[in-house]
Amino acid sequence: MSSSDSSALLSATFHEEGYEHLVELVHQRDADARRRLRSLDLALYDADGKLLVSIPVDPGQEILDLGALVAAHAPGAGRIMAAFEARYDERVFPYRPHHYAYLHRRGSSLPSLYYAVNAVLGGVPDRIGATGLNNFETYLFRPRGASERHSVLIGNLSRFAPGEAQISTYYAGARRTNEVTLGPKAHVEVALDPEHAGARLERVEIKAVFRLASYVVGRRTPSGELVIFDHLFTYFK
Amino acid sequence: MGRQGPEMDTLLLCYCTNLTVGELRGACRAGRWPLPDKERSGKLCTGCMGDLLHCLRLFSEEARKPAR
């Protein structure tokens, strides 16, 4: 494989027990052929960043059952960060491939969630001409009932360097800030206060020196069932 | 953070420019960083920026040490 036609992408998501969690490895298809990654490896990490297992995945597989893999290889490990290490041919994917996922709590009557898996490292070669600032992200909350709590899930996919993130929440003009530092492959869920000084949570912003895996999460109270699992939005230069 | 020895030289450091740890180490040794076509390493998806700065510091220090 020459380096000229080989591209790399490292994407990540989080999994917790009790959920059916299916990941569509390649979303893009066309009328003539199914597009395949060149290779794919899945690695699972606990909250401290400890590697629990690394599994080669057949890139011809279309749907990966992440819930079943975690149950088989890392039972009882709590929240897991799953990293998808992909290699692809830029002639097959002239843009970066995406993984999309389906998430549903087993036995729940709440709707299923669909989301795009965070692309953290790679997939932004010069040829794409991306202009987003992907280490500064924001998310606006719609007014919702008190039966839902929000948080952000953040993971550091670096190999050597700690990652620092500033998490700011906005309430009718008031701003509150938390900072977290994560070692390589460590991850955390940061709860967001639903109200401050009588004003509701309107927006969250994550700033980091470099791109981290990040999701906004909404949980139904008191069950904790996921009702939002979404990526934040980037600012444009 | 441990030291990044030669056993890590094949590790992909920047996923956007395909820069490896070994290429960065070699460029620092030769005083040739940034390499042609690798100038935007760390600046595109930014995901490797922390690792890139970490390795740059380490390899620059190694390059400054007198050869034994």
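B:Asp37 is exposed, with a relative accessible area of 68%, and in this predicted model that residue sits in the loop between H1 and H2 of chain B. Its phi is near 70 degrees, a positive value in a residue other than glycine. Most residues other than glycine have a negative phi, and most peptide bonds are trans.

B:Asn18 also has a positive phi without being a glycine, here about 60 degrees. B:Asn18 lies in the loop between E1 and E2 of chain B, and because its relative accessible area of 18% falls under 20%, B:Asn18 counts as buried. A further positive phi, near 65 degrees, belongs to B:Gly31, the residue that follows H1(B).

The peptide bonds offer two cases of the cis form, one in chain A and one in chain B. The table sets them side by side, together with the place of each proline.

| Residues joined by the cis bond | Omega | Place of the proline |
|---|---|---|
| A:Thr221 and A:Pro222 | about 5 degrees | loop between E18 and strand E19 (226-230) of chain A |
| B:Trp33 and B:Pro34 | about 0 degrees | loop between H1 and H2 of chain B |

The loop between H1 and H2 of chain B therefore holds both B:Pro34 and B:Asp37, whose 68% relative accessible area makes it exposed.

The two helices on either side of that loop can be described in turn. In H1(B), the buried residues are B:Val21, B:Gly22, B:Leu24, B:Arg25, B:Ala27 and B:Cys28, and they pack against E1, E2 and H2 of chain B. Helix H2 of chain B runs over residues 49-64, which gives 16 residues, and from its first C-alpha to its last H2 reaches 22 Å, close to the 22 Å expected at 1.5 Å a residue. Its buried residues include B:Met49, B:Leu52, B:Cys55, B:Leu56 and B:Phe59. What covers the buried residues of H2(B) includes strand E1 (12-14), strand E2 (19-20) and helix H1 (21-29) of chain B. An α-helix has 3.6 residues a turn, so residues three or four places apart point the same way.

In chain A, A:Arg219 belongs to strand E18, which spans residues 213-220. Is this charged side chain's residue buried or exposed? At 14% relative accessibility, A:Arg219 counts as buried, because the cut-off for that word is under 20%. Its side chain makes polar contacts with two glutamate side chains, that of A:Glu16 at 2.8 Å and that of A:Glu189 at 3.1 Å. Leaving aside neighbours within four places in sequence, the residues in contact with A:Arg219 include A:Ser147, A:Glu148 and A:Arg149, as well as A:Gly224, A:Glu225, A:Leu226 and A:Val227.

The last topic is empty space inside the model. Rolling a probe the size of a water molecule over the atoms shows where empty space is left. The count comes to four cavities of 30 Å³ or more, and the largest cavity has a volume of about 70 Å³. Which classes of residue make up the lining of the largest cavity? By class, that lining has three nonpolar, two polar and five charged residues. Among the lining residues are A:Leu25, A:Val26 and A:Pro59, together with A:Gln28 and A:Gln61, and the lining also includes A:Arg29, A:Arg34, A:Arg35, A:Arg36 and A:Glu62.

Terms used
Residues are numbered from 1 along each chain as its sequence is written. Chains are lettered from A and ligands numbered from 1 in the order in which they are written. This is a predicted model: local features need pLDDT of at least 70, side-chain atom pairs count only at pLDDT 80 or more; totals for chains, interfaces and linings use all residues. Side-chain values use heavy atoms; hydrogens and water are left out. Helices (H or I, at least four residues) and strands (E, at least two) are DSSP runs, numbered from the N terminus. Buried means under 20% relative accessible area, exposed over 50%, partly exposed in between (1.4 Å probe, protein chains only). A polar contact is a pair of N or O atoms within 3.5 Å; within protein, one must be able to donate a hydrogen and the other to accept it, and residues adjacent in sequence count only if both atoms are side-chain atoms. Contact means heavy atoms within 4.5 Å. On a 1 Å grid over the protein atoms alone, a cavity is a set of points where a 1.4 Å probe fits but cannot get out, and a pocket is an open set with protein on both sides within 12 Å along at least five of seven lines; lining residues have an atom within 4 Å of a point. Grid points are joined across faces, edges and corners, and a volume is the space filled by probe spheres set on the points. Ala, Val, Leu, Ile, Met, Phe, Trp, Tyr, Cys and Pro count as nonpolar, Asp, Glu, Lys and Arg as charged, and the others, Gly among them, as polar. The expected span of a helix is 1.5 Å times one less than its number of residues.
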